[in-house]
Amino acid sequence: MPTVIAMDCSASMHSWYAPNKEGKVLSKLKLASECGIQILEFFAEKMKLEHLAVLSFSSDVEKLSDFSRDYAHLKLSIAKMKVRDKSLFSQLVSYLNQFVVETWGYMEPCHVIIITDGRLSWPEEIMVAPSRTLFEFPGNLHILCLESTSSLTSSGCMKSLKNILEQNSGKGSITSLLKSRLNEHEVISTMKNELEKFLNDRFKIFEINLKCGSLSSQVALYPAPVADKTGEEFDDSFQIIGFLDVADVGNPPVLSRHLLSPVADKETSQNPDETEDLAVSPAMAIVLHGSLRIENKVALVKVSPNNYGVIYSWPCSKTKSNLVLSLLPPGAESVPWLGNIRQLGPSSLLPSTGKKIEIPTFPVQPRKGSKRSYAQPTVAWTRPTGLQTDIQKILRSAKKLPEKSQVFYKDLNRLRRAALAFGFHELLEGISSLLERECTLLPGTAQPEAMLQLSHAARELKASIGAGYEHNLEPLKTDFKFNR
Amino acid sequence: MSDSDHKTVFLIDHGPAMGESSKQMVEYDIATKSRPQGVVPLAPVAKSLWTSSIEALCEYCRIVWDIFPHNKLLRFVVGDTSARFLNSWNKEEQNLNHLMKSLSGVGPPLKKADGNIMVGLVSAVGAVAQQTSAQKKLLSSGSSVSNRGRIVCITQLKNDVHLKTIVDCACDAVNKHCESASTNEGILPIDSLELVIIHVKPFGSNSAITEHSLTPASKNPKVLVEAQDVKATRHGIAIANRLLHLVQRHFDLSVTSITGIPMKEEQHANSSANYDVLLLHRRLPGTAIRESEHSMWDGELSSTMLLKWGTPKINYNELYHCTGAARVSPVDVNSRPSLCLTNFLLNGRSVSLEHWNNRPDGGTAGSGGSRQMTHMISCRGSDIFLHALGIFRPPFEDPPNISDGPGGKVKDYRISDFGEIIKHNHLLPLGGRVKSGTLPIDGAMAKLDRRTRYWPLVYSKSIIFNLAKTVDPLLEAIVKENLTPDDVLQCQRVIYNLIGLERDGAALPLVTSAGSLSRGINKQSKREEQYKSMWRELEDLLRAHSSTSSKHMDILDCMLECIGKGKSSRTSSSVDKLKSNVRSGANEIYESPESPPPLKKSKTENESSARIRPQKGTQSLLSMWTQRVENTNSQRHVEFYGRLASDGNKAVLYPNFEEDPNNAQNTPANQDRQTPRHGHHRYQGHHRSGTGGGTREEGGRSGRNTPQGSKPKMAKKTQKPYPQ
């Protein structure tokens, strides 16, 4: 995941670490830049795909380098660091919230590595609200201190650093890179060892065995996925369940996405001579990628007992494409239109009863009787226009009686039921008079039945107020032919 | 299930005060063009406070049920002298139709009825204490449930003292229910309760209470109280707006305006104007958290996000990175723009939208002012969803091509064949249609496993997958879970056809990188080697599938017998080893400890067949053919009992010949009648070779070891072993 290296360049960092006999300047700032370079070298060697940015902060934040994979350029940018005034941690946080979000959005987890002497001022009054976290993006805060643990504790810095970490919901770490009473020769080597340990510990390439039935392929995930909020661990292998059409899977909400790149299996990669052969030994991930692209499908994959993802071919340019895994939100029902993922299976599982069975299709429909308000006639009279529209509709069909009597009575019944539910009995009386008046306004050319139906409806509407919700106003029977 | 919005109870005052008119008239007889001039419109009617409140309440519920079809449950208590529940926590009773129906049974408040809402309040607290089915499920799975809830009380209060009595009453009820929770099943202690009291009053009324936002009650800190004072102005829309603001806050909803929707004018069908529609939806992940302004406000909802109408031409076959999707509900469901939009979407269209910033500094959210699709609205399964699309750089931007990594240089991947696997394992929502006991997802994975048990990744590592026409029926059948007798027959036929191919010396598809096997050998032996690896591969394939069912095993046995390896030992332990073997390449010689010894021995033994085709490595076609025929025959043939009874293989004919010639003559005659035709001939053949001996003796032995031990067989130089 993207990583920001933030160097404390406050005045306190200028202090000489060791007594300087031979004219060597060994300030903490120098140590900090050594750290920065070591971190960059680590990434350049082991995690070539990661983006890094370098900042220096004091009372103000200076961007030494934007997110980049150009490690040489990043290294050069560290040299630009200069000593400034005092460090204001809150300044850094608000800068990061803007800087990181601008590039990666609110969803992308990001590492923030702070190299400091531990004196981060964190004014009490700008403590974040309990409902919010330090960062607006999912950030891991790693504080590397150029100080021994004991001196951090005695100076009270440790307490405030722990406090900061707590504000970030505990996500991150505090590492002390030095030990007390080191002579100048030991300083650099101790620091480098501690930093090496920290980097190896925290920054690992996430490798997993991707399984498709009996076939499998070792793949690396960039960036490494983060376990869901419930803390459910990932399975030992990601297992493909089956395949879906891109149109059916329909842009599901996604927590994070990761590049899948085939890597050599650990067993075979032990022999360095074989690296030559790797390029020519077939990998399942490549077949999968090619077929998904041609068939325009996605593979549904199970990553932990309760978490799923989709694997698809992602075009990174017109000619290049790659295999990408998108992790779905936790749970088997995270994508409503796919239904419960555990209930997905190939059509061959359907019982063959002989008679033709209906093949279920996507999208999964919500259960019966739970239609949304916009997908069915709904009464909403909070605005006067709502009621007026409904009445206008009734009047329109009233003018076309008896042809429109079906619609007329249907709408009238709907209005009646709503008025009963809202306890709006006055309205029913009003509508009754309205219909009576319409009766008198009928043109001479109107059919006599229109008048009969209108006065019948007006009368019935008033009379049936107490008749209950289920009562239906029926058209007046005017066709007596069958009696003959 | 532990959220405070999982359970909401509405307590609606049904006392006489609520029956009061809101003193605001509703015009329902509005002038239209069609109405003749001079008609006096009918007098407008006034909504009662009750009607205004219920209308507003129904809107609140409509939005909740539109956006949260599951797990956000609402209940309604009507309180006057008694308390009446209008529904339960059951899912079936969580919809607008049910609510409207029950409400009609309640009717408007009676003018003279007396009482207060205390009884209703106690019932409402009781409803929060009741566990819902979702909570029950969670509890039975062993998780802890924090039972939180909310009561929204719509009533008319006298003054602040009245308010305090109600709060105290609620506090007492919570305590009481917590005590009784331990003894009653289905009752959970209440961990926290939000009590929202909405004081409604008619236009012109001066009674007021002190409004305040959520604060813990002095008597019981578990109860958080909020007081709202709202006047039913403008046809009661003030109450409705107040409740809209509440639903927005209670369920953390965003208000989004879709702007610039082109719509045909009602009056002039050939011109179109642009309209806006206001939608409520759950806050989309990936958007900034904005502090919502306080909701004690009776104005219309205002949008927090403007999305400009883009194009409805969206390619459904493109997968967009979508950071969130949320169900929507229009604020004004029956307005013409809303209806137009929802109907358009319900017909299956999707529309791209663009984030629109009203700020003076910048037009769109995307950099450089270029139009960027940031959202999308579409209908899926009769629900409308607003999707937030990923507009930021992917963290793996500009990655190396997949072909630069391991396996990238391989050119002959079986990509189109894998497409077949993809098609066969296309998933469908089978929910409930599969016989109980099997979860479809497990069935799907099992099927995928069967399809890939033996599946070389590249063409050059396989012969049989290149023999499409000949082998396809077998490849298609063997991956099935259950084989029909027809399938078995098909498979056997394929095996025989392959034997036929070998007999005819047909060339197998050239497998280029099949290793060093074929290098530097002449054409004939090359072909021989190819067949050898073909059989080996077929065996691997069948062995991989042999564990599926006994019929699969039968096919393996059939094949093994045909190539003269004898029956497999019916163990599947070698399958796993085989799988890894498949991956590393099919051209390696596979010998499991269980498999019978290789065929080298038989080669030396089988001199006669070696003479016929001296270059042949393993077996002559003749011996294979005889084996096959013999195999079929052995099923029909009843073993000569004389041989069964004898020591070793040879039956002594006419053992009693010398003692009793009459008796001896009878035996073969009887045997003849029982034996089928071939068996008869064979018996004769044996008879002949047994007596005749001589040159044919050696040829009769095929070198094949049957479990019964080797049987002397008729030898023929021709390929037609039996007399016509």
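How many residue pairs are in polar contact across the interface of chain B and chain A? In this predicted model, the count across that interface is 33 residue pairs, with both residues of each pair at pLDDT 80 or more.

To see where chain B supplies its part, select helix H1 of chain B, residues 49-67, which gives the most to the side of chain B that touches chain A, namely 10 residues. Colouring that side of chain B by residue class then shows 66 nonpolar, 31 polar and 30 charged residues.

Next, select both sides of the interface together: 132 residues of chain A and 127 residues of chain B take part in the contact. Between them the two chains bury about 11600 Å², and carbon and sulfur atoms account for 65% of that area.

For the charged pairs, note that six salt bridges are counted between chain B and chain A. One to display as sticks is the pair Lys423(B) and Glu295(A), whose closest N and O atoms lie 3.7 Å apart.

Stay at the interface and select strand E17 of chain B, residues 427-429, together with strand E14 of chain A, residues 344-346; these two strands run antiparallel and are joined by three bridges, which carries strand pairing from one chain to the other. A place to centre the view is Leu427(B) in E17(B), which has Pro346(A) standing opposite.

Now move within chain A and select strand E12, residues 307-315. Is this strand largely enclosed or left open by the rest of the structure? Strand E12 of chain A is largely enclosed, because eight of its nine residues are buried.

Add the strands that pair with E12(A), beginning with strand E11 of chain A, residues 297-304, which runs antiparallel to E12(A) and is joined to it by five bridges. The connection between E11(A) and E12(A) is a hairpin that passes through two residues, and Ser304(A) can be found opposite Asn307(A) of E12(A).

Then select strand E13 of chain A, residues 321-327, which is likewise antiparallel to E12(A), with seven bridges joining the two strands. E12(A) and E13(A) also form a hairpin, here with five residues between the strands, and Pro315(A) stands opposite Ser321(A) in E13(A).

With E11(A), E12(A) and E13(A) displayed together, the tour ends on E12(A) bridged to E11(A) and to E13(A).

Note on methods: Residues numbered from 1 in each chain as written. Chains lettered and ligands numbered in written order. Predicted model: local features only at pLDDT ≥ 70, side-chain atom pairs only at ≥ 80, totals over all residues. Heavy atoms only, no water. Contact = heavy atoms within 4.5 Å. Buried area = accessible area lost by both parts, 1.4 Å probe. Salt bridge = Lys/Arg side-chain N within 4 Å of Asp/Glu carboxyl O. Polar contact = N/O pair within 3.5 Å; in protein donor to acceptor, adjacent residues only side chain to side chain. Helix = DSSP H or I, 4+ residues; strand = E, 2+ residues; numbered from the N terminus. Nonpolar A, V, L, I, M, F, W, Y, C, P; charged D, E, K, R; others polar. Pairing = 2+ DSSP bridges. Buried < 20%, exposed > 50% of the residue type's maximum accessible area, 1.4 Å probe, protein only.
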